[in-house]
Structures are given as structure tokens and as C-alpha cells.
Amino acid sequence: MLNTIKPKGRTIFLYLLIPVAMFLFTVFVPLLTALVYSFFEWKGGPQKTFTGLQNYIALFHDAVFWEAFGHNIYLVVVCILGQIGIAFILVMMIGSRLVKCKAIHRTFGFFPSTISAVCLGLIWNMIYHNQYGVINWFLRTIGREDLCRVWLNETDMVMLLVSIPLIWQYIGYYMVIILSAVAGIDSEIFESAEIDGANGVQRALYITLPLIKNTMLVCITLCIAGNMKAFDNIFVMTKGGPGTASMVMAMYGYQISFNQSNMGYGSCISVGIFVLSLLVIGGSQGLIKLLTREKEGGRK
């Protein structure tokens, strides 16, 4: 095969061979292995019992898994609005002529994205701590000790509370992506709109957003993919509790696989996460394209 490739093409092929092989080995081999193991009852030892589709039937009727899937969808929706929405607003604010030291704002905005998810979970654990946490300290300081509570034990609020660190961490990440897209827009477009009397909000909604819609679609896809496999922060903060109030799919698969030593069913959960993630990503992209097409058709 190499003899039929030109010298320049052969060099490119050899350079790409190693990273592509590593990608296949680290992504597709574990996925195929999990798919094979999902058809077995396996406790992690040398003995495996073939059970066919029994694990998938059990997964379909597993109420905890579907509750965890609902929590992942909650994270996806909240983080799309929080991470990408706030990032877009901040990019528009940084792009304003009134804002000085733009490079510093970009640097500090991106900084939380560089922090380890485990460290981030520990930091926010201290913020929510019922005795030493910043929130309860502030409430005591202003004389509202009656509002103090064990925040991460609040079943109704815990998903929102674990979402806030995720939003805070990745706002800067999406800021960088959106900034790069906005930088590619011709400044004369904004100048013409400003001359025509368009204010900042109108320029953001009717000029910037339509021109970077493909970049926003990429951001949404990355956000969905990241939150469908959310694990680190939530594991450090709540371990899925109280009860299963903050259980997500990846954590449920971890508990089944390692705490209960049920590797076969854990592999089945991993395959389920992969399939559901693809369906959610594909469905969201289709919905966005449909809404965009209808909006463009309405304008015509």
C-alpha cells in the first residue's frame, strides 16, 4: 500500500498512522469490549456466563438508570443555558468599546476550565458545607441563620447545586470558542448596523448570533456530549446522593461495575450511555436545524 503513495503522501500517512491507531485503541476497542461484555453475566473474574439480551432487558426496566438519564438531561439543559448562554453574553460585553483590558478578562474567564474537576468539586463542597461553608457563613453574618441548611442534602435543590460548579467551570471554555468565531466577522457589518441605529442587544441577536450559528451548534454538541457523561464533580460532591437525587448515568455505571462487581451489567450501562448520547446529540442538532430552517423560511 505504501508503494502506491507518493513520497509526500507517504510522510503524511506515517505521521497520521500513530495518532489514528492510538485513537482507535483508546476509543473503539474499549467500546467494542464493553459491547461484548454486556451480553454476559460477569463479576470481573475469569468466569463469564452468556445471558444474551438479559442485561439490556433489565436496563430497560431499571428505574434508577432512567432517573439518572433524566438528571443528565437536566444537566444538559441547564448547562446549555448557563455555560453557552452566559459565555455569549460575556463575549458581547467584552467586545464592547467600553470594556478595557480585554485580554485580562479572557484569561481570567478561561482560568476555571484549567482546574481539575476533582479540585473543583472539593472547592464547591467547602462553599456548600453546612458548618464552614461560605453560603451559611454569609447567612449567619446578615442575621438569617434560619435559612442555613445542609445544602447538598436538599433533594429538591441538589441537581441545581451540582450544576452551578459545572456552569462556572466551562463558561470560559465556550467564551474562547465564541470569541474566535466573532473575531472572524467583518467589523464593517457592526459599524453599518450601528450607523443604522441598532443597539448592542439588537446587534448581538440579529447580526452576531446568525453569523456564528455553526459555531454555536458545535458548542451545543460539545456541551451535550460533556454533560451526558458527567461524573467527576458530582462524585466528589454528593456521590449521587441524597439517595439517588443526584445520580447520573456514568456514576450509576461506576457503582454497578465496581461497588457491586457486576461488570456485565456495568458494560451494558456504558453501551446505553453511548447510544442515548448519540440520540440526544442527533435529536438536538436536527431540532436546531429544523427551527433555523423554519425561521429562515418565515423571513422569506
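This briefing walks through the annotated membrane spans, the nonpolar core and the cysteines of the structure above. The model is predicted, so please read each value with that in mind. An unreviewed UniProt entry annotates transmembrane regions along the chain, and the largest nonpolar core holds 63 residues.

**Annotated spans**
- The UniProt entry, which is unreviewed, places "transmembrane region" at residues 12-40, 73-95, 107-127, 167-185, 205-228 and 269-291.
- Take residues 107-127 to begin with: this span is 71% helix and 0% strand, and 24 Å separates its end C-alpha atoms.
- Residues 269-291 are 100% helix with 0% strand, and here the end C-alpha atoms are 32 Å apart.

**Nonpolar core**
- Within the largest nonpolar core, the residues touching the most other members are Ile84, Ile178, Ile212, Met228, Met249 and Ile269.
- Helix H7, spanning residues 158-183, is the top contributor to this core and supplies 14 residues.
- Met228 is worth a look in the viewer: leaving aside residues up to four places away in sequence, its contacts include Phe69, Ile73, Val76 and Met249.
- Among the other contacts of Met228 are Asn72, Ile273, Leu276, Ser277 and Val280.

**Cysteines**
- The disulfide count for this model is 0.
- Cys79 has its closest cysteine sulfur in Cys223, but the two sulfurs are 5.3 Å apart and therefore too far for a bond, given that a disulfide needs them within 2.5 Å.
- Cys79 is buried, at 0% relative accessible area.
- Cys268 is buried as well, with a relative accessible area of 0%.

Definitions and conventions: Residues numbered from 1 in each chain as written. Predicted model: local features only at pLDDT ≥ 70, side-chain atom pairs only at ≥ 80, totals over all residues. Heavy atoms only, no water. Buried < 20%, exposed > 50% of the residue type's maximum accessible area, 1.4 Å probe, protein only. UniProt positions renumbered as here; feature names shortened; annotations may be inferred. Helix = DSSP H or I, 4+ residues; strand = E, 2+ residues; numbered from the N terminus. Core = buried A, V, L, I, M, F, W, Y, C linked by side-chain atoms within 4.5 Å. Contact = heavy atoms within 4.5 Å.
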